[in-house]
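Work through the exercises below with the sequence and the structure open. Try each task before reading its solution.

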Amino acid sequence: MISKRFLLECSVTKFLKFGSKSFTLDELSKELGISKKTIYAHFKNKEDLVSNSILFLIENYTKEYGNAIDKIEDPIEKVIVIYEIGLKYLKYFKPSFLFGLKKYYPKADKVFEDFKAEVVYETVYELLTEAREKGYIREDVDLKLVCELYFLRMENVTFKNKNLFEEYTLQTLLQHLIINNLRGITTSTYSSPYFE
């Protein structure tokens, strides 16, 4: 019997490549050589599968960035690493995957939107607050507004009119979307290897 985890791994790969709406359960069952009944043994319907696929991606991303930032002391550098890893994940998203969530899978879209809000308004905001307390960020900066402007809608920027991942390297996008914006709110005494 195929495990739920294996189904999620395969589903995520296909949804990211072809879009959440375009890749069907019939195609998934054919790809894996199983019946749709086997899929339904693990998931109530396609939206349940898509929602669980989003959760699977979130768990992998959270684990990866959690392990990476545990080794870093500087809160600003932690923010940079969170987005460096996030951009690495986004690079493999087909824009239609995210747009399909909004249009066809509202529960899955809510899972994704809630996760983004949690990362930005809890994790990143707390790191920026810590950076301010350490004297790394200017006192006149509205940290909530910075989170709203620069960190909440990364996928909207990268996929707005064209897929920026096709035109720019991950490092260039990280530099212009994250590092340069952080540089603009730091104090003149703050320094980081990322800023050099």
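Buried means under 20% relative accessible area, exposed means over 50%, and partly exposed is the range in between. The model used here is predicted.

**Exercise 1. Classify two residues**

Task: Decide whether Thr-24 is buried, exposed or partly exposed, and do the same for Tyr-65.

Solution.
Step 1. Locate the residues. Thr-24 sits in the loop between helix 1 and helix 2, while Tyr-65 belongs to helix 4.
Step 2. Take Thr-24. Its relative accessibility is 29%, so Thr-24 counts as partly exposed.
Step 3. Take Tyr-65. Its relative accessibility is 7%, and therefore Tyr-65 counts as buried.
Step 4. Set this against the whole chain. Of its 196 residues, 49% count as buried.

**Exercise 2. Describe the overall architecture**

Task: State how many helices and strands the chain has, and what its C-alpha trace spans along the principal axes.

Solution.
Step 1. Count the elements. There are 11 helices and zero strands.
Step 2. Write the order along the sequence. The pattern is α-α-α-α-α-α-α-α-α-α-α.
Step 3. Give the extent. Along its principal axes the C-alpha trace spans about 60 × 30 × 25 Å.
Step 4. Look at the contacts with a separation of 6 or more. Residues 24 or more positions apart account for 71% of them.

**Exercise 3. Check the length of helix 1**

Task: Helix 1 covers residues 4-18; compare its expected span with the distance between its end C-alpha atoms.

Solution.
Step 1. Work out the expectation. The helix has 15 residues, and at 1.5 Å a residue it should span 21 Å.
Step 2. Compare with the model. The end C-alpha atoms are 21 Å apart, which agrees.
Step 3. List the buried residues of this helix. They are Leu-7, Leu-8, Cys-10, Ser-11, Val-12, Lys-14, Phe-15 and Leu-16.
Step 4. Recall a general rule. An α-helix has 3.6 residues a turn, so residues three or four places apart point the same way.
Step 5. Find what covers the buried residues of helix 1. The cover includes helix 2 (25-32), helix 3 (36-42), helix 4 (46-69) and helix 6 (95-104).
Step 6. Look just past the end of the helix. Gly-19 takes a positive phi of about 100° there.

**Exercise 4. Explore the nonpolar core**

Task: Find which residues have the most contacts inside the largest nonpolar core, then list the contacts of Leu-28 and Ile-76.

Solution.
Step 1. Start with the core. It has 68 residues, and those with the most contacts inside it are Leu-28, Tyr-83, Leu-101, Leu-128, Phe-151, Ile-178 and Leu-182.
Step 2. Ask which helix gives the largest share. Helix 5 (residues 75-90) does, with 10 residues.
Step 3. Examine Leu-28. Leaving aside neighbours within four places in sequence, Leu-28 contacts Leu-7, Cys-10, Ser-11, Phe-23, Ile-39 and Leu-49.
Step 4. Examine Ile-76, a residue of helix 5. Its relative accessible area is 0%, so Ile-76 is buried.
Step 5. List what Ile-76 touches, not counting residues up to four places away in sequence. These are Ala-131, Tyr-136, Ile-137, Leu-182, Thr-186, Tyr-190 and Phe-195.

**Exercise 5. Relate sequence separation to distance**

Task: For the pairs Tyr-65 and Ile-82, and Thr-24 and Leu-87, give the separation in sequence and in space.

Solution.
Step 1. Tyr-65 and Ile-82 are 17 residues apart in sequence, and their C-alpha atoms are 5.6 Å apart.
Step 2. Check for contact. Tyr-65 touches Ile-82, and also Ile-85, Val-119 and Thr-123, not counting residues up to four places away in sequence.
Step 3. Thr-24 and Leu-87 are 63 residues apart in sequence, with 27 Å from C-alpha to C-alpha.

**Exercise 6. Inspect the cavities**

Task: State how many cavities of 30 Å³ or more the structure holds, and describe their linings.

Solution.
Step 1. The structure holds two such cavities.
Step 2. The largest has a volume of about 330 Å³. Of its 19 lining residues, the closest to the centre are Tyr-61, Gly-86, Phe-112, Phe-115 and Lys-116.
Step 3. Sort this lining by type. It divides into 16 nonpolar, one polar and two charged residues.
Step 4. The second largest cavity holds about 50 Å³ of space. Its lining is Leu-98, Phe-99, Lys-102, Asp-109, Phe-112, Glu-113, Glu-155 and Asn-156.
Step 5. Sort the second lining too. It divides into three nonpolar, one polar and four charged residues.

Terms used:
Residues numbered from 1 in each chain as written. Predicted model: local features only at pLDDT ≥ 70, side-chain atom pairs only at ≥ 80, totals over all residues. Heavy atoms only, no water. Helix = DSSP H or I, 4+ residues; strand = E, 2+ residues; numbered from the N terminus. Expected span 1.5 Å × (residues − 1). Buried < 20%, exposed > 50% of the residue type's maximum accessible area, 1.4 Å probe, protein only. Contact = heavy atoms within 4.5 Å. Core = buried A, V, L, I, M, F, W, Y, C linked by side-chain atoms within 4.5 Å. 1 Å grid on protein atoms, 1.4 Å probe; cavity = no way out; pocket = protein on both sides within 12 Å on 5 of 7 lines; lining within 4 Å. Points joined across faces, edges and corners; volume = space filled by probe spheres on them. Nonpolar A, V, L, I, M, F, W, Y, C, P; charged D, E, K, R; others polar.
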